[in-house]
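Me: Could you take a close look at the pockets of this model, and at the pair of side chains that I would like to understand alongside them? A connected account would suit me better than a list.

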Amino acid sequence: MAMSISSLTSSFSSLSFSSQISQKPYSISLAPSSKSLRLSQFSTTKPQSLTVLATVAAEPLTGDLETTNIEKYVKSRLPGGFAAQTLIGTGRRKCAIARVVIQEGTGKFIINYRDAQEYLQGNPLWLQYIKVPLATLGYETSYDVFVKAHGGGLSGQAQAISLGIARALLKVSEDHRKPLRKEGLLTRDARRVERKKAGLHKARKAPQFSKR
């Protein structure tokens, strides 16, 4: 090489670097005897942490807001609650129980403070169950239906609601009995899941028979 180690040492000794974080100079020197790079000063200061405080106004979810509004609407329509109403019917199916109140209106269905379409997950069969009693008498847009249902599944609750609506319509007029009875809407379906038996897999399913 054209340049010697001594000339490089003199060039590096005059160099200095500065850091914006610590504001302390860095100097690097190359010793001629050892021919090694030595860091004479290397100290940094930890950057100060920045704390940001943000306040966000908690807004209710859309579903919760709709439920709250529907609950207020139901309470305004049913002063005194379900038990204080006159046009009320109770329906049962398997483990499901539904208390149904009907009032003159435009054909709304509200189940457990939720729209029936949402509560029954848009299932066309379950929605048909709850609409059949009113459709049989031609009252699809004449009554609003308010329901409190619990127990069982959605299918059992839908059939329990159907029976409850039919029973409530009897309190409107006794003349409704004949067309409702003709469609079988006043019959309580007593079918339930049969209990499991000891020694069997299910209610009647037995283990495979082996002759030998």
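Reply: Helices, labelled α here, are DSSP runs of H or I with at least four residues, and strands, labelled β, are runs of E with at least two, both numbered from the N terminus. The model is a predicted one, and the account below begins with the second largest pocket.

In those terms, β6 (109-111), α3 (116-119) and α4 each supply at least two residues of the lining of the second largest pocket, and α4 provides the largest share, with three residues. The space in this pocket comes to about 160 Å³. Its lining consists of Ile70, Gly107, Lys108, Phe109, Ile110, Asp115, Ala116, Gln117, Leu127, Ile130 and Lys131, and by class this lining divides into six nonpolar, two polar and three charged residues.

The largest pocket, for its part, has a volume of about 210 Å³. It is lined by 13 residues, and those lying nearest its centre are Gln159, Ser162, Gly184, Thr187 and Asp189. Here β4 (88-93), α4 (124-137) and α5 (154-172) each contribute at least two residues to the lining, while α5 gives the most, with three. The class make-up of this lining is four nonpolar, four polar and five charged residues. Helix α4 therefore appears in both descriptions, because, with helices taken as DSSP runs, it supplies at least two lining residues to the largest pocket and at least two to the second largest.

The pair of side chains is Gln85 and Gln103, which are joined by a polar contact of 3.5 Å between their side chains. Gln103 belongs to strand β5 (residues 96-104), whereas Gln85 sits in the loop between α2 (62-77) and β4. Buried means under 20% relative accessible area, so Gln103 counts as buried at 16% relative accessibility, and Gln85, with a relative accessible area of 15%, is therefore buried as well.

Their surroundings can be set out in turn. If neighbours within four places in sequence are left aside, Gln103 is in contact with Arg77, Leu78, Gln85, Ser142, Tyr143, Asp144 and Phe146. With residues up to four places away in sequence likewise not counted, Gln85 touches Leu78, Pro79, Val101 and Gln103. Leu78 is thus found among the contacts of Gln103 and also among those of Gln85, in addition to the polar contact that links the two glutamine side chains.

Technical notes
Residues are numbered from 1 along each chain as its sequence is written. This is a predicted model: local features need pLDDT of at least 70, side-chain atom pairs count only at pLDDT 80 or more; totals for chains, interfaces and linings use all residues. Side-chain values use heavy atoms; hydrogens and water are left out. On a 1 Å grid over the protein atoms alone, a cavity is a set of points where a 1.4 Å probe fits but cannot get out, and a pocket is an open set with protein on both sides within 12 Å along at least five of seven lines; lining residues have an atom within 4 Å of a point. Grid points are joined across faces, edges and corners, and a volume is the space filled by probe spheres set on the points. Ala, Val, Leu, Ile, Met, Phe, Trp, Tyr, Cys and Pro count as nonpolar, Asp, Glu, Lys and Arg as charged, and the others, Gly among them, as polar. Buried means under 20% relative accessible area, exposed over 50%, partly exposed in between (1.4 Å probe, protein chains only). A polar contact is a pair of N or O atoms within 3.5 Å; within protein, one must be able to donate a hydrogen and the other to accept it, and residues adjacent in sequence count only if both atoms are side-chain atoms. Contact means heavy atoms within 4.5 Å.
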